[in-house]
Amino acid sequence: MTKDEKRLDRLNELLFALPVDNMPMTLSELDGYVTGVLACPDMISPSEWLPEVWGETGEAQFADQKSAEETIGAVMAHYNSVGETMTRSLWIEPIYEVDPNSDETLWEPWVDGFTRAMRLRPKAWENLLDRADDETRATMIFMMALQDIYTGNSKFTDDEIDDIDREAPDLIPNCVATILHQSRPELAGAAPANLPGMPHRAAPRPRRNDP
């Protein structure tokens, strides 16, 4: 296991240790969320985006000071890691959850995290959509369409959703790279890779109504 894999596993453990009733983010949700925060045309301070990580109330309810310091430090370390990856190539490798029963890649939590970050600065994203080129505009609309599929609000047919579901894990890194070219033009000098890497796999957290 590499140093980065150990870091992610520990971050996953720390997020799981947060009170589940408050619905804190999973590792996959957090990865999509910090990617969305960093992709935003506006700078968003940690004091604004961190409370969303802890759950519905915005209160982390850490067990003690040591847990608070380690968890916050681990979240910020991941934020910085994603930022460094973007700076190098614009190409991110999403952390997807994997269904332990079917081994299916679950892209939905990652997209939910990304779109939650977009909701922190809706006006900035609306302005980007208005001035974006056709490819970026289509990409942003596709990302929002993925969220609609996740929330059950999609107008696609079942067959279309099945096709999108199969393709989404490989399409999402390309979508992010396309968006970054316009949302963060200062990074656009770096050329994104054209092939997805092997994503870190995170176990899904049991949700409130799960058995």
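Helices here are DSSP runs of H or I with at least four residues, and strands are runs of E with at least two, numbered from the N terminus. By that count, the protein chain of this predicted model holds eight helices and three strands. Read from the N terminus, the elements follow the order α-α-α-α-β-β-α-α-α-α-β. Of the 211 residues in the chain, 45% are buried. Among contacts with a separation of 6 or more, 76% join residues that are 24 or more positions apart. The chain exposes about 11,000 Å², and carbon and sulfur atoms supply 51% of that area.

The interior is a good place to start a tour. The largest nonpolar core comprises 51 residues, and those with the most contacts inside it are Trp-49, Val-53, Trp-110, Phe-114, Trp-125 and Leu-146. Each of the helices H1, H2, H3, H4, H5, H6 (122–131), H7 (134–151) and H8 (158–183) supplies at least two residues of this core.

Helix H3 deserves a visit of its own. Its buried residues include Trp-49, Leu-50, Val-53 and Trp-54. These residues lie on the same side of H3, because they cover an arc of only 155° around the axis. The general geometry helps here: an α-helix has 3.6 residues a turn, so residues three or four places apart point the same way. The partners of the buried H3 residues are helix H1 (3–16), H2 and helix H4 (65–89), against which they pack. Just after H3, Gly-55 adopts a positive phi of about 130°.

Trp-49 links H3 to several parts of the chain. With a relative accessible area of 0%, against a cut-off of under 20%, Trp-49 is buried. Leaving aside residues up to four places away in sequence, Trp-49 touches Tyr-33, Val-34, Val-37, Ile-44, Val-75, Met-76, Tyr-79 and Leu-120. Two of these neighbours, Tyr-33 and Tyr-79, form one aromatic cluster with Trp-49.

Aromatic pairing was examined next. Five aromatic pairs were found in a search of the whole structure. One of them is the edge-to-face pair of Tyr-33 and Trp-49, with 6.2 Å centre to centre and 70° between the planes. Tyr-33 belongs to helix H2 (residues 27–39) and Trp-49 to helix H3 (residues 46–54), so this pair ties together parts that are 16 residues apart in sequence. Tyr-33 also counts as buried, at 0% relative accessibility. A further edge-to-face pair is formed by Trp-54 and Phe-62, at 5.2 Å centre to centre and with 75° between the planes. Here the two partners fall into separate burial classes: Trp-54 is buried, with a relative accessible area of 7%, whereas Phe-62 is partly exposed, with a relative accessible area of 24%.

Tyr-33 leads on to a charged residue, Arg-116, which lies in helix H5 (residues 108–118). At 16% relative accessibility, Arg-116 counts as buried, because the cut-off is under 20%. Its contacts, not counting residues up to four places away in sequence, are with Met-25, Tyr-33 and Glu-52. For Glu-52, the backbone oxygen lies 3.5 Å from a polar atom of the Arg-116 side chain. Tyr-33 thus appears in two settings, as a contact of Arg-116 and as a member of the aromatic cluster with Trp-49 and Tyr-79.

Methods
Residues numbered from 1 in each chain as written. Predicted model: local features only at pLDDT ≥ 70, side-chain atom pairs only at ≥ 80, totals over all residues. Heavy atoms only, no water. Buried < 20%, exposed > 50% of the residue type's maximum accessible area, 1.4 Å probe, protein only. Polar contact = N/O pair within 3.5 Å; in protein donor to acceptor, adjacent residues only side chain to side chain. Contact = heavy atoms within 4.5 Å. Phe/Tyr/Trp six-rings, centres within 6.5 Å; stacked < 30°, edge-to-face > 60°. Arc of directions from axis to C-beta. Areas by Shrake-Rupley, 256 points an atom, 1.4 Å probe, with all protein chains shown as cover. Core = buried A, V, L, I, M, F, W, Y, C linked by side-chain atoms within 4.5 Å.
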